[in-house]
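Work through the exercises below with the sequence and the coordinates open. Each task is followed by a solution in steps.

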Amino acid sequence: MRAIVMRTGGAILLAAAACAATPAASWSDKSYFHPDIAVTIALTPGGAADVEEIRSYRFDGSFSWAYLKKAVEGQYGRYRIEYLDVSDAETGERLPAELSREGGYEIVTWRYSAKDETRRFRIRYRVHDAVQRYGDAAQLYWKVIGEEHERISRLSVTLRPPAPSASLLKVFVHGPGAGELDIADDRSSASVRVGEIERGRLVEIRALMDPSIFHETPARGGESHASLLEDERRITEQWRMEQERRIERSRRRGKELAAAMIIGAASVLALAAVFARFFGEYGREYDAGYAHRYERQPPRDIPPCYIPAIMTQSGARIEQMGKAFVASLLECARLGCLEIREREKGSLIFKKKELEYELTGLGRKVVAGGEEGLPRPLTFFERDVLEAVFVEAGDGSKTTGEEIRKWAAERAGSRTNFYQFVEEGGKRLRRELERL
């Protein structure tokens with residue numbers, strides 16, 4: 001990664017600086033990345049930024065929702081984010097979207113249906129107070145790409161001031177390596193193009209412009225053209241020092257790796273000898289004297305939620321726990337704790353079917369902590385499923401499939417409610433199975 005200077009229609013500076021990021025968790029059996037992200041930022045005389053992001057997703061597996069989160073706190077003040085809409089970039093169809101707030105972030109979550117394909121979404125939003133106007137310079141300092149994202153193959157950013165910025169237009173980019181910067185001859189726009197941004201890499205843009213074109217933006221004190229440039233020099237120096245530290249760490253790791261390879265080879269030989277000895281004594285399968293090829297009925301009378309904990313030797317896999325959740329809900333219905341009905345909703349023309357779930361009298365006693373009247377005691381997981389479906393997602397006695405989906409998709413920290421529920425439930429199911 002280098003700091004590079006480009007000249008196209010005037011002196012423009014493109015600087016690169018490293019930023020730390022934390023990658024988001026993902027499912028092991030599916031993945032996605034961004035072949036292309038195109039961002040257009042149109043500034044207004046009042047200092048707002050109208051932003052349009054066209055994000056392409058290459059999906060491997062089935063996906064039904066995505067989200068975009070933007071920070072409301074910056075180095076030079078607070079922003080107000082106003083999400084306008086989310087649509088399919090190919091067809092223009094508006095997609096169902098929900099707004100939420102988490103800490104210092106405004107979040108938009110939209111829903112769709114995709115499997116093993118490439119989809120493009122258009123997200124439009126307005127950033128109020130995006131521009132800071134000082135005596136001899138106006139500044140946009142915006143986090144174009146946040147820390148929570150997968151790999152990006154190409155990123156392009158187009159910046160359009162409210163009028164040509166003839167006397168001052170400098171652009172700095174923090175995050176990616178070398179790229180290309182173009183500026184219109186009349187200084188009416190600037191564009192940045194970079195390739196291959198690794199997962200979780202932050203990308204920021206800072207543009208210094210003529211303050212007179214932001215005549216509706218209140219002037220501030222405390223900064224100037226010179227102080228803002230000095231801040232960029234500080235960022236570049238930090239980047240240079242970090243690069244030197246990375247090189248030194250790489251050298252040390254190379255030496256440590258060579259030593260580790262020698263130790264590893266010796267360890268492998270020793271383990272191979274131990275394995276050969278124990279395999280000769282204990283490696284043969286136990287002869288159970290069972291000649292049948294398939295079982296026609298379950299060999300043991302255990303609740304269906306334990307099946308994911310049986311399928312592997314290491315524990316319940318997260319991607320199988322959704323089946324355990326649904327199986328537990330149906331098993332509780334079979335045991336008389338709830339009733340499931342299908343109903344139609346919507347207008348006379350546009351109708352859709354939805355499942356309704358309602359606790360029976362027995363089910364209300366069970367949720368309250370009792371077990372009298374049950375054909376068998378419920379497992380901890382089945383009780384937790386009833387609690388999640390009717391107490392957390394529903395009103396205590398009734399719920400719908402849509403309410404369950406909303407509860408499952410809500411985020412608690414970096415993970416959804418459903419992910420946390422099945423992750424912990426899977427571990428405990430395995431421990432309970434081994435105890436039984």
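The exercises go from the whole chain to its pockets and cavities, and then to single residues.

**Exercise 1. Confidence and overall make-up**

Task: State how confident the predictor is in the chain, and where pLDDT stays under 50.

Solution. Step 1: the model is predicted, and the mean pLDDT of its chain is 85. A pLDDT of 70 or more is reached by 88% of the residues.

Step 2: over residues 1-27, pLDDT stays under 50. For this stretch the model has 79 contacts beyond four places in sequence.

Step 3: the chain is made up of 436 residues, of which 41% count as buried. Its secondary structure consists of 7 helices and 24 strands.

Step 4: take the contacts between residues at least 6 apart in sequence; 71% of these join residues at least 24 apart.

Step 5: the exposed area of the chain is about 24600 Å², with 52% supplied by carbon and sulfur atoms.

**Exercise 2. The second largest pocket**

Task: Give the volume of the second largest pocket, and say which element supplies the largest share of its lining.

Solution. Step 1: the space in the second largest pocket amounts to about 230 Å³. Its lining has 13 residues, and those closest to the centre are Ser100, Thr109, Ala409, Glu410 and Arg411.

Step 2: at least two lining residues come from each of strand E10 (97-102), strand E11 (105-115) and helix H6 (401-409). E10 has the largest share, with 5 residues.

Step 3: serine 100 belongs to strand E10. Its relative accessibility is 35%, so serine 100 counts as partly exposed.

Step 4: serine 100 and arginine 411 are 311 residues apart along the chain, while 9.8 Å separates their C-alpha atoms.

Step 5: when neighbours within four places in sequence are left aside, serine 100 is in contact with Tyr105, Glu106 and Ile107.

**Exercise 3. The largest cavity**

Task: Find how many cavities of 30 Å³ or more the structure holds, and which residues line the largest cavity.

Solution. Step 1: rolling a probe the size of a water molecule over the atoms shows where empty space is left. The structure holds 2 cavities of 30 Å³ or more.

Step 2: the largest cavity contains about 40 Å³ of space. Its lining consists of Val144, Leu155, Val157, Val173, Pro176, Val192, Val194, Val203, Glu204 and Ile205.

Step 3: strand E15 (152-160), strand E18 (190-197) and strand E19 (203-209) each give at least two residues to this lining. E19 contributes the most, with 3 residues.

**Exercise 4. Two charged side chains**

Task: Decide whether arginine 55 and glutamate 331 are buried or exposed, and list what each one touches.

Solution. Step 1: arginine 55 lies in strand E5, which spans residues 49-60. Its relative accessible area is 5%, and because the limit for buried is under 20%, arginine 55 is buried.

Step 2: the side chains of arginine 55 and glutamate 53 are joined by a polar contact of 2.7 Å.

Step 3: beyond four places in sequence, arginine 55 has contacts with residues including His34, Asp36, Leu68, Arg119, Phe121 and Val144. Val144 is also one of the residues that line the largest cavity.

Step 4: glutamate 331 sits in helix H3, residues 321-334. With a relative accessible area of 10%, glutamate 331 is buried. Not counting residues up to four places away in sequence, glutamate 331 touches Pro304, Arg376 and Glu382.

**Exercise 5. Positive phi, and a loop residue**

Task: Place arginine 187, glutamate 196 and alanine 178 in the secondary structure, and give phi for arginine 187 and glutamate 196.

Solution. Step 1: most residues other than glycine have a negative phi.

Step 2: arginine 187 has a positive phi, near 60°. Arginine 187 is located in the loop between E17 and E18.

Step 3: for glutamate 196, phi is positive and near 50°. Glutamate 196 has its place in strand E18, and at a relative accessible area of 48% it is partly exposed.

Step 4: alanine 178 falls in the loop between strand E16 (169-174) and strand E17 (179-183). Its relative accessibility of 42% makes alanine 178 partly exposed.

Step 5: between the C-alpha atoms of alanine 178 and arginine 193, 15 residues apart along the chain, the separation is 9.2 Å.

How values were computed: Residues are numbered from 1 along each chain as its sequence is written. This is a predicted model: local features need pLDDT of at least 70, side-chain atom pairs count only at pLDDT 80 or more; totals for chains, interfaces and linings use all residues. Side-chain values use heavy atoms; hydrogens and water are left out. Helices (H or I, at least four residues) and strands (E, at least two) are DSSP runs, numbered from the N terminus. Buried means under 20% relative accessible area, exposed over 50%, partly exposed in between (1.4 Å probe, protein chains only). A polar contact is a pair of N or O atoms within 3.5 Å; within protein, one must be able to donate a hydrogen and the other to accept it, and residues adjacent in sequence count only if both atoms are side-chain atoms. Contact means heavy atoms within 4.5 Å. pLDDT is the predictor's confidence in each residue, from 0 to 100. Accessible areas come from the Shrake-Rupley method with a 1.4 Å probe; for residues, only the protein chains shown count as cover. On a 1 Å grid over the protein atoms alone, a cavity is a set of points where a 1.4 Å probe fits but cannot get out, and a pocket is an open set with protein on both sides within 12 Å along at least five of seven lines; lining residues have an atom within 4 Å of a point. Grid points are joined across faces, edges and corners, and a volume is the space filled by probe spheres set on the points.
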